[in-house]
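Look at the model below and follow its parts in turn. The text starts from one residue and then moves along the chain to other regions.

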Amino acid sequence: MDCDVLNVYIISDSTGATAETFVKSVITHFPNVNFEVNRKFNIDSEKKINKIVEKIPEDSIIIQTIAEKKLEEYLKQKAKKENIKVIDILGPALSLFEEVTGQKALREKKLTRKLSEDYFSMIESIEFAVKYDDGKDPRGIKEADILLLGVSRTSKTPVTMLLATKDYKVFNLPLVPEIRLPEEVFEIDPKRIIGLTIDPDKLSKIREDRSKGLGLKSKSEYFDKERINRELKYAKGVFEDLDCKVFDVTLNTIEQTATDVLEYYKKNFS
């Protein structure tokens, strides 16, 4: 039907975040339609469904993600009686996977909720990584699962971001001889601290390429080998004082360094 305003109701036995993302991607294709999107979450009984559906105007659309088969069918039948269309974005996928795998889906609402909780926890870890990247606000050190230390260009930030996608809060702190370490570094468990080191020649090349990429063509102390050796010597002293684990990233990919860090962390913290 042609309309100026379309009511869309998200009904979920969990948070409804999956359906909301789906709805947002769809409505962008209809710039001339005004959408009224309502999200109803933690809907886990027929009573709750009745209360919602009976108040929904005709010609609305319901986007539902209810895992439990019986409750899902009840919602569809109830909506049909009220002349409301339903889009099921979870059921068809579960049915297809059942057909292909020969296995019955669990269809337990708590599983969907757990996935949503994990998703939002991961987003929180990513936001943490961005907020405290490169030593911003040392108060975040005590909230971190892992503290990464290393001189500039030892892959601290990309490793931090990769670990954040695995739901770990990581604070990374650059080591500079002229800048005193925050007191918070000495107030956490040393097993949460990981130092990253690198071959000086490799570091010099990385920094030189970085400088050229930024349009800095003149000789710079930033990639001067004497300066780099001094920074790495300082970092080594810090690692020894803190008695922390150290990984050499010279030959590592970002993924390998992240794996090494995570394996060490898991060995010490369940």
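**A walk through the model**

Leaving aside neighbours within four places in sequence, G195 is in contact with L149, F239, C244, K245, V246 and F247. This is a predicted model, and the contacts of G195 are read from its atoms. G195 itself sits in strand β7, which covers residues 193-197. Is G195 buried or exposed? Its relative accessibility is 0%, so G195 counts as buried. A further residue to find from here is A235, which is 40 residues away from G195 along the chain. In space, the C-alpha atoms of G195 and A235 are separated by 8.2 Å.

Next, find S155. This residue belongs to the loop that runs between β5 (146-150) and α6 (156-164). S155 has a relative accessibility of 17%, and because buried means under 20%, S155 counts as buried too. Not counting residues up to four places away in sequence, S155 touches L196, V249 and I254.

Now step back to the whole chain. The domain assignment of the protein gives two parts: domain 1 is 4-99 and domain 2 is 112-267. Between the C-alpha centres of domain 1 and domain 2 there are 44 Å.

The last stop is a pair of helices. In general, two packed helices are described by the angle between their axes and the distance between the axes. Here the pair is helix α2 (residues 46-53) and helix α3 (residues 69-81). Their axes come within 10 Å and cross at roughly 25°. Angles under 35 degrees count as roughly parallel, and α2 and α3 are therefore roughly parallel to each other. The crossing of α2 and α3 is right-handed.

Which residues of α2 and α3 meet? On the α2 side they are E46, I49, N50 and V53, and on the α3 side they are K70, L71, Y74, L75, K78 and A79. Sorted by class, this contact of α2 with α3 has six nonpolar residues, one polar residue and three charged residues.

Helix α2 can also be described by what is hidden from the surface. The residues I49, N50, I52 and V53 are buried in α2. What do the buried residues of α2 pack against? They pack against three strands, β1 (5-12), β2 (34-40) and β3 (61-65), and also against α3. Some names therefore come up twice, because I49, N50 and V53 are buried and are also among the residues of α2 that meet α3.

Key. Residues numbered from 1 in each chain as written. Predicted model: local features only at pLDDT ≥ 70, side-chain atom pairs only at ≥ 80, totals over all residues. Heavy atoms only, no water. Axes fitted to C-alpha atoms, helices over the stretch in contact; angles between N-to-C directions. Helix = DSSP H or I, 4+ residues; strand = E, 2+ residues; numbered from the N terminus. Parallel < 35°, antiparallel > 145°, perpendicular 65-115°, else oblique. Left-handed = near helix turned anticlockwise from the far one by under 90°. Contact = heavy atoms within 4.5 Å. Nonpolar A, V, L, I, M, F, W, Y, C, P; charged D, E, K, R; others polar. Domains from an automatic or database assignment. Buried < 20%, exposed > 50% of the residue type's maximum accessible area, 1.4 Å probe, protein only.
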